[in-house]
Each structure stands twice: as C-alpha cells, then as structure tokens.
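Please find below a colleague's note on the structure shown here. The points are numbered for ease of reply.

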Amino acid sequence: MKFIGILLLTLVTAAAVCAQRPRAIDKNTPTDATKAAPAPAPQNIKAKYEGGIFGYPKTMEGTLSFDDTNQRLLFRRDNKDLFFIPYNAVTSTFADTQKRRPKSATVAQNVPYFGWPLGFIKTKVRYLTLQYSDPDTRVAGVASFRLDNKDVVDSAVYTLANKAGLVPRGDIYVKKKDDAEAKKTTP
C-alpha cells in the first residue's frame with residue numbers, strides 16, 4: 001500500500017512539473033501591431049443601449065448609425081433619432097465582454113434535484129463601450145451598447161476609431177492630446 005501511494009505521488013508530481021514547462025511561441029502568428037484590420041462596420045447596426053447618456057437612463061433596443069454627413073454616431077429607435085455623439089467628442093472606445101447568466105437559467109436552477117447544474121450556465125455578452133467628452137455642451141460620460149457578436153463589435157470599434165481619429169493603444173483606441181492642449185494642462 002505504501003508503494004502504491006509513493007507511485008501515485010510521483011505521477012502527480014511529474015504531471016504538475018510537465019504542466020509548468022514553457023510554452024512554444026509560434027513566430028508565424030501576428031502580433032498586435034501587425035494584426036489584420038477587421039472589416040468595416042455596416043452603416044446601421046442593431047444594438048441595445050445599456051446606459052451612459054445624460055437624460056436616457058433606461059435600456060432600449062434600436063440601431064446605431066454612422067452618420068458621416070453630420071460627423072456623429074446616431075442611436076435610433078422606431079425610425080426616430082433619440083441621441084447622438086459627435087465623432088470629435090469620442091475620447092476612447094473599446095470592445096468589452098462580460099459573462100451573464102440568462103434569466104431562464106436563474107429560474108431553472110431552483111428546480112429541486114435537477115436544477116442545480118443549470119445555475120452554472122452563462123453566456124458571453126459583447127459591448128461597444130465608448131468614453132466621450134463633448135466640448136460644445138461640456139458633457140462627458142461612458143456609454144455602452146450591446147451588440148450581437150464579436151465580429152460586429154470589433155468592426156464597430158475599428159470603424160468608430162477611424163472616423164473619430166483615435167489611435168490604438170493595446171486593445172483600446174484613444175484620442176491623443178494636441179501639443180497646444182497638452183502644454184495648457186501641464187504646469
């Protein structure tokens with residue numbers, strides 16, 4: 001019995017040591033700097049507004065539109081313009097992913113005996129998150145829009161960043177300060 005215990009302990013230790021070996025790095029995979037740009041976003045994207053705009057506290061479904069003639073990102077609901085964010089007001093944007101439990105899984109987990117594993121079900125929710133600071137109205141905030149999938153979010157972030165003049169910094173896009181503006185803020 002002692003021999004079997006030592007043998008099992010040796011096998012577990014060997015498995016743990018093998019798991020800690022350095023990973024091989026593939027030189028052919030692109031890095032962030034050479035990553036291919038996503039496809040341009042469609043002109044209208046189905047979206048769910050999750051909050052962040054002053055005066056619109058409730059979530060609502062509608063469409064996000066890139067209004068290039070007026071240089072703004074427009075949110076519409078029932079063919080009615082609700083609010084917009086000018087491209088020059090966008091200071092940063094990024095794609096966000098959160099794991100959420102669906103309401104049906106929350107309800108189903110309360111079923112006796114068979115429901116407990118259903119509480120572990122979670123889905124990925126994709127967001128287009130943007131930070132804005134409007135120089136005309138002096139209103140600033142963070143707005144988020146729930147989009148359908150990762151490809152749509154990536155293309156929307158890339159398109160908005162290009163139209164707003166943002167530069168990549170890691171996985172996010174930010175607006176660089178002008179030299180004159182940077183000198184005003186430094187003491």
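**Helix H3 and the nonpolar core**

1. Helix H3 covers residues 150–164; at 1.5 Å a residue, its 15 residues should span 21 Å, and because the end C-alpha atoms are 21 Å apart, the helix agrees with that expectation. The model is a predicted one.

2. Both ends of H3 deserve attention. At the N-terminal end, Asn 149 acts as a cap, with a side-chain oxygen 3.2 Å from the backbone nitrogen of Asp 151. Just after the helix, Gly 165 adopts a positive phi of about 75°.

3. Which residues of H3 are buried? They are Val 153, Ser 155, Ala 156, Val 157, Thr 159, Leu 160, Ala 161 and Ala 164.

4. The largest nonpolar core holds 29 residues, among which Leu 64, Ile 85, Leu 130 and Phe 145 touch the most other members. At least two residues of this core come from each of strands S1, S2, S3, S4, S6 and S7 and from H3. H3 gives the largest share, six residues. In soluble globular proteins, nonpolar side chains tend to be buried together.

5. Leaving aside residues up to four places away in sequence, Phe 145 touches ten-odd neighbours of mixed character, including Leu 64, Phe 75, Phe 83 and Leu 130, as well as Lys 48 and Arg 126.

6. Overall, the protein has four helices and nine strands, arranged along the sequence as α-β-β-β-β-β-α-β-β-α-β-β-α. Of its 187 residues, 28% are buried. Among contacts with a separation of 6 or more, 52% join residues 24 or more positions apart. The accessible surface is about 13600 Å², and carbon and sulfur atoms account for 57% of it.

How values were computed
Residues numbered from 1 in each chain as written. Predicted model: local features only at pLDDT ≥ 70, side-chain atom pairs only at ≥ 80, totals over all residues. Heavy atoms only, no water. Expected span 1.5 Å × (residues − 1). Buried < 20%, exposed > 50% of the residue type's maximum accessible area, 1.4 Å probe, protein only. Polar contact = N/O pair within 3.5 Å; in protein donor to acceptor, adjacent residues only side chain to side chain. Contact = heavy atoms within 4.5 Å. Areas by Shrake-Rupley, 256 points an atom, 1.4 Å probe, with all protein chains shown as cover. Core = buried A, V, L, I, M, F, W, Y, C linked by side-chain atoms within 4.5 Å.
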